[in-house]
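Student: I should like to learn how the terms used for a protein structure are justified. May we go through them one at a time?

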Amino acid sequence: MRRRRDLDPKALEEKAKEKLSLGGWHYASSNAGLSTTHSVNRQAFNRHRIIPWMLIDTNLRDTTTEIWGHKVSAPIGFAPIGINAIYNHEAERPVAKVAGELNLPYCLSTAGSTPIEEVGAANDSGGNGPRFFQLYMPHDDELTLSLLNRAWNSGFDALILTTDTWQLGWRHDDVANSNYAFYRGIGAALGLSDPVFQKRCREKGIDIEKDPVAASTLWIDSIWHGRAWSWDKLPWLIEQWKRISGGRPFALKGIQSVADAKKAVEYGVDGIVVSNHAGRQVDGAIASLDALENIVDAVGDKTYIMFDSGVRGASDVVKALALGAKFVFVGRLWVWGLSIMGEEGVRHVMKSLLADFDIFMAVAGFTSVNEFDRPILESYPKSYSIPE
């Protein structure tokens, strides 16, 4: 009997819940506080309605686009998500492999559970898709430089600094169950495989082989908890990345305010990812799609704007592009696929999304992604119900 392969996002989410451990499910599904930001992320998509065009010859369609010198299959990428080992024993490898096969950008999280070099090799095994490195910047310049060099040497040619997660948000289920895999030795592979971090462990008398939990705790505390960064550090990081990479792009992820978007432009970043971390950091925050609209109006012609948070299907991608994003990242969709069926699950989910995107263009009257702009939308006032 053939196994059923669900397509509907809600069905995928329910199947992932069946497959995952309680801790894995809590980490995959938990949102900040009362989950209001997560809820408004989805509701914001509903206030924009697409106006299809009829009697358009859509027999030949082009879903491709270009991002920072890479021609990719669609304006869709794999968002950076940490500790993939809690979703599947192969961790980040199958995700990177499928991204390479599909020629979609893959973004590796600093909180990954596989060394940078192995993820880069996995991404190469199926193709030559672009790969980006998402940085949680350590409060240790030597360690930061080590990570940047390893990423560049492993073929990661764009750097994305996440700005909204110097500390994990308050997520009820994770807090109630002490659900922090990082403090149990999971999700520290980038650190444990790093020569500078290995030196730091020796300096503190920690034997990584004998006490990986202590080493993992030191790693997570090095990149997350304790202190936030300010704009003052940005020029140094940009300078170092440009030096190491020969001038390749640098972006900020987690931008939600117009003021921050303008400041990013002033600091010379190559792009920003408008994101509220899928509602996992600040409860009651602005919907990511609403933030996108505001930011595009303010700096849309001054930097490369990407979008993340709440995407569940092709129409969501189209709405974000129509509002001015140049590129859209998806996260939970592929996490559910990975949780359900590993590599095959990731492939199934992402190929389905690409098919959804292509069919959308066929039936809605579009032949190129360049045709997605605001006139294709009818947009209604912001009016979001309070979630239960």
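Tutor: The questions below concern a predicted model, and each answer sets a value against a definition.

Student: Which residues does UniProt mark as "binding site"?

Tutor: The unreviewed UniProt entry places that feature at Y27, Y136, R171, H277 and R280. From this set, Y27, Y136, R171, H277 and R280 belong to the lining of the largest cavity. The record also gives H277 the annotation "active site", again in an unreviewed entry. Such annotations may be inferred rather than shown by experiment.

Student: Where is Y136, and why is Y136 called buried?

Tutor: Y136 is in the loop between β6 (131-135) and α6 (141-153). Buried means under 20% relative accessible area. Y136 has 7% relative accessibility, and therefore Y136 counts as buried.

Student: What does Y136 touch beyond its neighbours within four places in sequence?

Tutor: Its contacts are S109, T110, A111, T162, T165, I223, W224 and H277. The criterion for each contact is heavy atoms within 4.5 Å.

Student: Why is H277 counted as buried, and where does H277 lie?

Tutor: H277 lies in the loop between β9 (271-274) and α13 (288-299). The relative accessibility of H277 is 14%, and the cut-off is under 20%, so H277 is buried. Not counting neighbours within four places in sequence, H277 is in contact with Y136, T162, D164, T165, R171, K253 and S309.

Student: What makes the link between the side chains of H277 and T165 a polar contact?

Tutor: The distance between them is 3.2 Å. A polar contact requires a pair of N or O atoms within 3.5 Å, one able to donate a hydrogen and the other to accept it. The link between H277 and T165 is accordingly listed as a polar contact.

Student: How do you know that the charged end of R280 sits over the ring of Y27?

Tutor: The charged end of R280 is 4.9 Å from the centre of the Y27 ring. For Arg, the rule asks for CZ within 6 Å of the ring centre and within 35 degrees of the ring normal. Elsewhere, K233 lies over the face of W236, at 4.2 Å from the ring centre.

Student: Where is W224, and what makes W224 buried?

Tutor: W224 is in the loop between α10 (212-223) and α11. With 2% relative accessibility against a cut-off of 20%, W224 is therefore buried. Beyond residues up to four places away in sequence, W224 touches Y27, A111, Y136, T165, W166, L168 and F182.

Student: How many aromatic pairs are there, and why is the pair of F133 and F156 called edge-to-face?

Tutor: A search of the whole structure finds 14 aromatic pairs. The rings of F133 and F156 have centres 6.3 Å apart and planes at 70°. Centres must lie within 6.5 Å for a pair, and planes over 60 degrees apart count as edge-to-face, so the name follows. F133 is in strand β6 and F156 in strand β7 (residues 156-162), 23 residues apart, and the pair links distant parts of the chain. Both F133 and F156 are buried.

Student: What makes W152 and W241 an edge-to-face pair?

Tutor: Their ring centres are 6.2 Å apart and their planes stand at 85°, so the pair is edge-to-face. W152 is in helix α6 and W241 in helix α11 (residues 234-245), so the pair ties together parts that are 89 residues apart in sequence.

Student: Why are W152 and W241 given their accessibility classes?

Tutor: W241 has a relative accessible area of 0% and is therefore buried. The relative accessible area of W152 is 30%, and partly exposed covers the range between 20% and 50%, so W152 is partly exposed.

Student: How do you know that helix α14 is mostly covered?

Tutor: Helix α14 (residues 314-322) has 8 of its 9 residues buried. The buried residues are A314, D316, V317, V318, K319, A320, L321 and A322. Just after α14, G324 takes a positive phi of about 120°.

Student: Why is H26 called buried, and which residues does H26 contact?

Tutor: H26, found in helix α2 (residues 22-29), has a relative accessible area of 10% and is therefore buried. Leaving aside neighbours within four places in sequence, H26 is in contact with D173, D174, N177 and N179.

Definitions and conventions. Residues numbered from 1 in each chain as written. Predicted model: local features only at pLDDT ≥ 70, side-chain atom pairs only at ≥ 80, totals over all residues. Heavy atoms only, no water. 1 Å grid on protein atoms, 1.4 Å probe; cavity = no way out; pocket = protein on both sides within 12 Å on 5 of 7 lines; lining within 4 Å. Helix = DSSP H or I, 4+ residues; strand = E, 2+ residues; numbered from the N terminus. Buried < 20%, exposed > 50% of the residue type's maximum accessible area, 1.4 Å probe, protein only. Phe/Tyr/Trp six-rings, centres within 6.5 Å; stacked < 30°, edge-to-face > 60°.
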